[in-house]
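Please open the structure in a viewer and keep the selection panel at hand. The stops below are meant to be visited in order.

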Amino acid sequence: MNDQLEPSKPSSDGLGVHGDFAVWAPRAHTVRVRTGGADHPMERGTGGWWHTRVPGAGHGSDYAYLLDDGPEPLPDPRSRHQPHGVHGPSRVLDHGTHGWSDGHWTGRPLPGGVVYELHVGTFTAEGTLTSAIGHLSELAELGATHVQLMPLNAFDGTHGWGYDGVLWSAVHEPYGGPDALKAFVDAAHAHGLAVLLDAVLNHLGPSGAHLPRFGPYFFGENDWGPSLNLDGPDSDHVRRYALDCALGWLDHYHLDGLRLDAVHALRENRATPLLQELSAEVEVLATHLNRPLTLIAESDRNDPATVLPREAGGLGMDAQWSDDLHHALHTALTGENHGYYADFADPGALPTTLTRVFWHAGTYSSFRGRTHGAPVDTARVPGHRFLAYLSTHDQIGNRARGDRMAEHVSAGRLEVGAALVLCSPYTPMIFMGEEWAARTPWPFFASFSDPDLAEGVRQGRRREFAALGWRAEDVPDPLDPATRDSAVLDRSERDSGEHALVLETYRSLIALRRAEPELSDPRLDRFRVRAAHAGRTLVLERGRLRVLCNLGEGPAEIELDAAPVELLAANGQPRISGTRFGVPGESFAVVRV
C-alpha cells in the first residue's frame, strides 16, 4: 500500500504520555527518539508516521527526534512543553494530571461582552501569567467579560510580541509554562472572566522553526515568510496539525475561544476552507463541553462572509476585528491622515463606518490602489460580530515609537472615543492600559539569541520607518531590553489626575452598557448616527437613548428629535433647553428622550 495516499493519525496520541512516541516525517528514511539518555529507533507506519514505545517514559520525560543521519536532536512539532526553549528537547506533558477548580464554569457568550486585550510579558513588570493573576480583579471591576491574551506559544528568546512563535502547542516557558496558564484560566473563571487566546496559524517565526525539517508544513510565501501548506501534497496532515493545535488550547487549557491572527494570510484552494473546518470542529467541542466557544478572526479583506454562518456559505467565525472602525475613530480623534488613515479623513467616514461597519465596502482604497471589500447586510448581520476599538497591539506597536493615543489626544477627547465604542452596537475591545489613558509606549521588541538575526531585525525596523520619514535614532532598538521595559504598564498612573477620571469614565460607560439594553442592542438596522459641524458632532440613536459626542474643541449646539427626560452619563456640564442640547468641547452625554 502506498502510505502517501492514506494519511492517518498514530494509533495513540504519540506524545509520550504512556511511553508511546509518534512523529510525522514522511520524507525521512530513519527516525530516532532520544529520551532517558538513549536513542530509540522508530518504525515507519502509514501516512508518513513513525512510532515506537519506550518503557519507563511518561509525564515529565524529556525527548527529541533525530532525522536520518542528522546529529541535531529536534523538538517535537506537536510539543506540549518546551522548558529548555525552542531549540531544546520537548517534555512529555500529561494534561490529565492537573486538578482543575473551574467545574462550575459555564462559559460566557461573546454577544454582550467587553473584550480586554493584554500582553502577558508587559502586563506586569514580572511578565508572567502568575503575576497577571493578581490583577484579574481589576479587569472584573472594570466590567470586562473576556480577557484576550496575545500569543503564548513558544518563541525564541525571553521577551517578544509572540507572533514569531514556532511551536504552536507549547506555552512560552518564560511566561510560566503550561501549569501557569492553567492556573491563570482557573483564576479568571473564578472572577467570571472568559479567556481567549491569540493563535497564529499563518506563519512561523524566524528562529527555531524546525517544522519544515520534518515535512512539507509550508508551501509558498505570505507577508511574514513561508505560508502554511493548506492545499498542496500532504496538506491533509498539515491541516490536521493546525486544527489539533487550535482545538488543544480550547480543550486542554479550558480556554473559551481563540482570536485567529491574520486569516487573510491562510492561502488555500480547496472546497472547504480551513476556517470552516475549524468552526465545525469547535462547534462539536462546544457541544460536548456544554459551554460556548468563540472564534474571532483578524482579517483585512472586509468580507462579510467571514462572520456568516457556515449554513449561509460563510466561514463560521463568531466575530472579526474591524480595522475600518478603528481607522475612522483614530482619524477623527487625532486628525492623523497619512498612510492608510488618508482614506478616513472624509468627514463622512466615521458616521458611515459606525453604521455600516466597513468604509471600504466595494469602494476605492487609495493605499491599496484598488477597490476593496464588500458591504455588510445590516438587516441580517448583528453588530456583535464585529469588534470595535480605539487601540490594539497592532495599531500602537506598529508605530515607530509605539506611542499611544493618550500622548497626543486630550483626556476629554479620549472619553468621547470611549463613548463611541462602548455605546455602539459592536463588541467593544480595550487594549491594556487604554482604560486609564496610559502613557507608557508599546513599541515592537524581541530578544532573539542569534546575533545576525537580531541585527537584521534591528536594521529592517529602521529601514521600514525611514521610508515613512522617521529618523533612525527615533526608532527604539527592538533588541534592547530597555525597549521591552518601557512597555510595561505603570499602574501608579491609575489613581492620579486625568488618568483616574478616564478610568472612572470607562467603568461607568461599561456599567451603563450593561444596565441599558438599548446600548448593547446589536441590531445594525435600528442604529442611526447623525453628524453635523463637518463631522465633529455626532448623535448615536440607540432606541430611546441618545449619545451626543462633540469632538471639537469648542462647545456645540445639537438639536435632538425629542426633549431629554434623563441625563444618564456625561463627562462635561451640558446645557439643556427643550430639544436643544449644548455640549461642551471634547465631551459626551448620554440621555434618555
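The tour that follows gives, at each stop, a selection to make and a description of what is there. The model is a predicted one.

**Stop 1: His189**

Select His189, which belongs to helix 4, residues 177-190. Is this residue buried or exposed? His189 is buried, because its relative accessible area is 2%, under the 20% cut-off for that class. Next, display the side chains of His189 and Asp256, which are joined by a polar contact of 2.8 Å. Beyond the residues up to four places away in sequence, His189 touches Asp102, His104, Trp105, Ala194, His254 and Asp256.

**Stop 2: strand 9 and its partners**

Ala194, one of the residues that His189 touches, lies in strand 12, residues 194-199. Strand 12 pairs with strand 9 in the parallel sense, over four bridges. Within this pairing, Gln148 has Leu196 of strand 12 as its bridge partner.

Now select strand 8, residues 115-118, which runs parallel to strand 9 and is joined to it by four bridges. Here Val115 stands opposite His146 of strand 9.

Turn next to the side chains of strand 9, residues 146-149. In a regular strand, side chains alternate between the two faces of the sheet. In strand 9, His146 and Gln148 are on one side, and Val147 and Leu149 are on the other. Which of these faces are covered? Both are, as all four residues are buried.

**Stop 3: the largest pocket**

Select Trp224, Asp394, Asn398, Arg461 and Glu464 to find the next site. The largest pocket holds about 1800 Å³ of space. Its lining comprises 49 residues, of which the five just selected are the closest to its centre. Elements that give two or more residues to this lining are strand 14 (225-228), strand 17 (319-321), helix 8 (323-334), helix 10 (393-397) and helix 12 (451-466). Which element supplies the largest share of the lining? Helix 12 does, with five residues. Coloured by class, the lining of the largest pocket shows 20 nonpolar, 16 polar and 13 charged residues.

**Stop 4: the largest cavity**

How many cavities of 30 Å³ or more does a search of the whole structure find? The search finds seven, and the largest cavity has about 120 Å³ of space. To locate this cavity, select its lining: Leu390, Ser391, Ile396, Arg404, Met405, Ala406, Leu414, Glu434, Ala437, Ala438 and Tyr506. By class, these lining residues are eight nonpolar, one polar and two charged.

**Stop 5: helix 9**

Select helix 9, residues 349-356. Why can this helix be called largely enclosed by the rest of the structure? The reason is that six of its eight residues are buried. The buried residues are Ala349, Leu350, Pro351, Thr353, Leu354 and Thr355. Add helix 8, helix 11 (411-422), strand 22 (528-532) and strand 23 (537-542) to the view, since the buried residues of helix 9 pack against these elements. After helix 9 comes Val357, with a positive phi near 75°.

**Stop 6: Glu43**

Finally, select Glu43 in strand 4, residues 43-44. Glu43 is exposed, with a relative accessible area of 60%. Leaving aside residues up to four places away in sequence, Glu43 touches Trp49, Trp50 and His51. To end the tour, draw a C-alpha to C-alpha line from Glu43 to Gly348: the two are 65 Å apart in space and 305 residues apart in sequence.

Terms used. Residues numbered from 1 in each chain as written. Predicted model: local features only at pLDDT ≥ 70, side-chain atom pairs only at ≥ 80, totals over all residues. Heavy atoms only, no water. Buried < 20%, exposed > 50% of the residue type's maximum accessible area, 1.4 Å probe, protein only. Polar contact = N/O pair within 3.5 Å; in protein donor to acceptor, adjacent residues only side chain to side chain. Contact = heavy atoms within 4.5 Å. Pairing = 2+ DSSP bridges. 1 Å grid on protein atoms, 1.4 Å probe; cavity = no way out; pocket = protein on both sides within 12 Å on 5 of 7 lines; lining within 4 Å. Points joined across faces, edges and corners; volume = space filled by probe spheres on them. Nonpolar A, V, L, I, M, F, W, Y, C, P; charged D, E, K, R; others polar.
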